[in-house]
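Visitor: Hey, I've got a protein model open and I'm not sure where to begin. Can you walk me through it?
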Amino acid sequence: MKLVPALSALALAGGILATPVAAQLSGEVRVAGSSTVFPISTFVAEQFKAAYPGVEVPIAKIGTGGGFKEFSVGNTDASNASRQIKAKEAKKAKENGIKFVESLVAYDGLSIVINTENTWATKMTVEDLQKIFLADATAKSWKDVNPEFPDVPLKIYVPAETSGTYDYFSEVVADKGSLRGTSVGENDNLTVTGVADNKVAIGFLGYAYYVENKDSLTAVAIKNKAGDHVQPSSEAIETGSYNPFSRPLFVYWNVDSLDRTEVNTFAEFFLDVAPTAAEETGYVRLPSWVYDAMTKRLNDRITGSIYYTDSGEAKHGTLKELLDH
């Protein structure tokens, strides 16, 4: 993960290092959740620590689902998530008196990766992936996936079921069903090493992890809705041509925690630095109007999900339409 000089990020946040408040502020901001969002939050926390040395920001990498379990009972101040909160998770939080502000912080392109010596599966379809990853799939060799592929065994890596990356891939490929493969838990680096060390292996992970390891992995070009095979890239993710595997990334803020100065200051800082953090950690920044909207939601304490009502009914429309209502 690359880091810009601390003063560059601090300049983005208004030069707060020199203010008396920065020197006096202390406390702790507890963050947990997605391994995908972990690099972004870590980047922001390191810059924040340089500005506010008296504030500790421990970040636990326990998966999106694991993060929401802690968040919904008040054990954390913020929750990293590589998918939006589920209605049942929001309900659990509400039952425990937890209100939240939802912030989009970056775009990601979930990347399907193979070994660099795999020259046969560089272009695939969602249907091909179903033959590989679905729990009830019967393919044992690459040839079972596509008769043009060689008759060599499949080695499949998947993250833990608590991972938002698992959830998102499952939703796209398996209609929210179960997946098969060797679980790497919440450690995406185990997918990297597993696929890099085995010619017949395949796995999936966040775009930033692929970018960081692109010399030892090949990203599969996936057939999109337009019928084109597209590899993940910053441009393809931002324009949406890398579909159906482009997705937003989130941080959720406990409203009661935001009453503490150190948490509110960190949240504001996060949204200020998020565009730089996204790019520096291998993700894709959101349009500036989205960050403006997220800052307004934070400042106005607009609670609940952008994507569904308090009763759990899904909202429909473009992101701009959803934010305008």
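Guide: Sure, let's go from the overall build to single contacts. Keep in mind that this is a predicted model.

Visitor: Okay, how many helices and strands are there in the chain?
Guide: The chain has 14 helices and 15 strands. Its radius of gyration is 20 Å, close to the 20 Å that the globule rule gives for 325 residues, so the chain is as compact as a globular protein of that length. Along the principal axes, the C-alpha trace spans about 65 × 45 × 35 Å.

Visitor: And what share of the residues count as buried?
Guide: Of the 325 residues, 54% count as buried. Contacts across the sequence matter for the picture too: looking at contacts with a separation of 6 or more, 74% are between residues 24 or more positions apart.

Visitor: How many residues does the largest nonpolar core have?
Guide: That core has 104 residues, and Ile-112, Trp-142 and Phe-245 are the ones with the most contacts inside it. Helix α12 supplies the largest share of this core, ten residues. As a general point, nonpolar side chains tend to be buried together in soluble globular proteins.

Visitor: Which residues does Phe-245 touch?
Guide: Setting aside residues up to four places away in sequence, the list includes Ile-112, Val-126, Leu-129, Tyr-168 and Phe-169. Asp-108 is also among the residues that Phe-245 touches.

Visitor: Asp-108 has a charge, right? What does its side chain meet?
Guide: The side chain of Asp-108 meets that of Arg-247 in a salt bridge, at 2.8 Å from N to O. This pair links distant parts of the chain: Arg-247 is in strand β15 (residues 246-254), Asp-108 is in strand β6 (residues 100-109), and they are 139 residues apart.

Visitor: Are those two buried or exposed?
Guide: Arg-247 is buried, with a relative accessible area of 2%. Asp-108 is buried as well, at 0%. Both values fall under 20%, which means they are on the buried side of the cut-off.

Visitor: How many salt bridges does the structure hold?
Guide: There are ten. One of them joins Lys-49 and Glu-56, with the closest N and O atoms 2.6 Å apart. Here Lys-49 is partly exposed, with a relative accessible area of 28%, and Glu-56 is partly exposed too, at 43%.

Visitor: Got any others to look at?
Guide: Try Lys-296 and Asp-300, whose side chains meet in a salt bridge at 2.5 Å from N to O. Asp-300 counts as partly exposed, at 42% relative accessibility. There is also a network of salt bridges that links Arg-30, Asp-77, Arg-260 and Glu-262.

Visitor: Switching topic: how many aromatic pairs does the structure hold?
Guide: It holds 18 aromatic pairs. Take Phe-48 and Phe-266: their ring centres are 5.0 Å apart and their planes are at 80°, so the pair is edge-to-face. Phe-48 is in helix α3 (residues 38-51) and Phe-266 is in helix α12 (residues 261-280), so this pair links distant parts of the chain, 218 residues apart.

Visitor: How accessible are those two rings' residues?
Guide: Phe-48 counts as buried at 0% relative accessibility, and Phe-266 counts as buried at 1%. They also belong to one aromatic cluster, along with Tyr-52, Trp-253, Phe-269 and Phe-270.

Visitor: How are the rings of Phe-133 and Phe-204 arranged?
Guide: Their centres are 5.5 Å apart with the planes at 75°, so the pair is edge-to-face. Phe-133 lies in helix α6 (residues 126-133) and Phe-204 in strand β11 (residues 201-205), so the pair ties together parts that are 71 residues apart in sequence. Both residues are buried.

Visitor: Which ring does the charged end of Lys-61 sit over?
Guide: That would be the ring of Phe-38, with the charged end 4.9 Å from the ring's centre. In another case, the charged end of Lys-155 sits over the ring of Tyr-157, 5.4 Å from its centre.

Visitor: Last one: where is Ala-87?
Guide: Ala-87 is in helix α5 (residues 87-95), and it counts as partly exposed at 36% relative accessibility. Leaving aside neighbours within four places in sequence, Ala-87 is in contact with Tyr-308 and Gly-312. Its C-alpha atom is separated by 39 Å from that of Asn-198, which is 111 residues apart from Ala-87 along the chain.

Conventions: Residues numbered from 1 in each chain as written. Predicted model: local features only at pLDDT ≥ 70, side-chain atom pairs only at ≥ 80, totals over all residues. Heavy atoms only, no water. Salt bridge = Lys/Arg side-chain N within 4 Å of Asp/Glu carboxyl O. Buried < 20%, exposed > 50% of the residue type's maximum accessible area, 1.4 Å probe, protein only. Helix = DSSP H or I, 4+ residues; strand = E, 2+ residues; numbered from the N terminus. Phe/Tyr/Trp six-rings, centres within 6.5 Å; stacked < 30°, edge-to-face > 60°. Lys NZ or Arg CZ within 6 Å of the ring centre and 35° of its normal. Core = buried A, V, L, I, M, F, W, Y, C linked by side-chain atoms within 4.5 Å. Contact = heavy atoms within 4.5 Å. Rg over C-alpha atoms; globule rule 2.2 N^0.38 Å.
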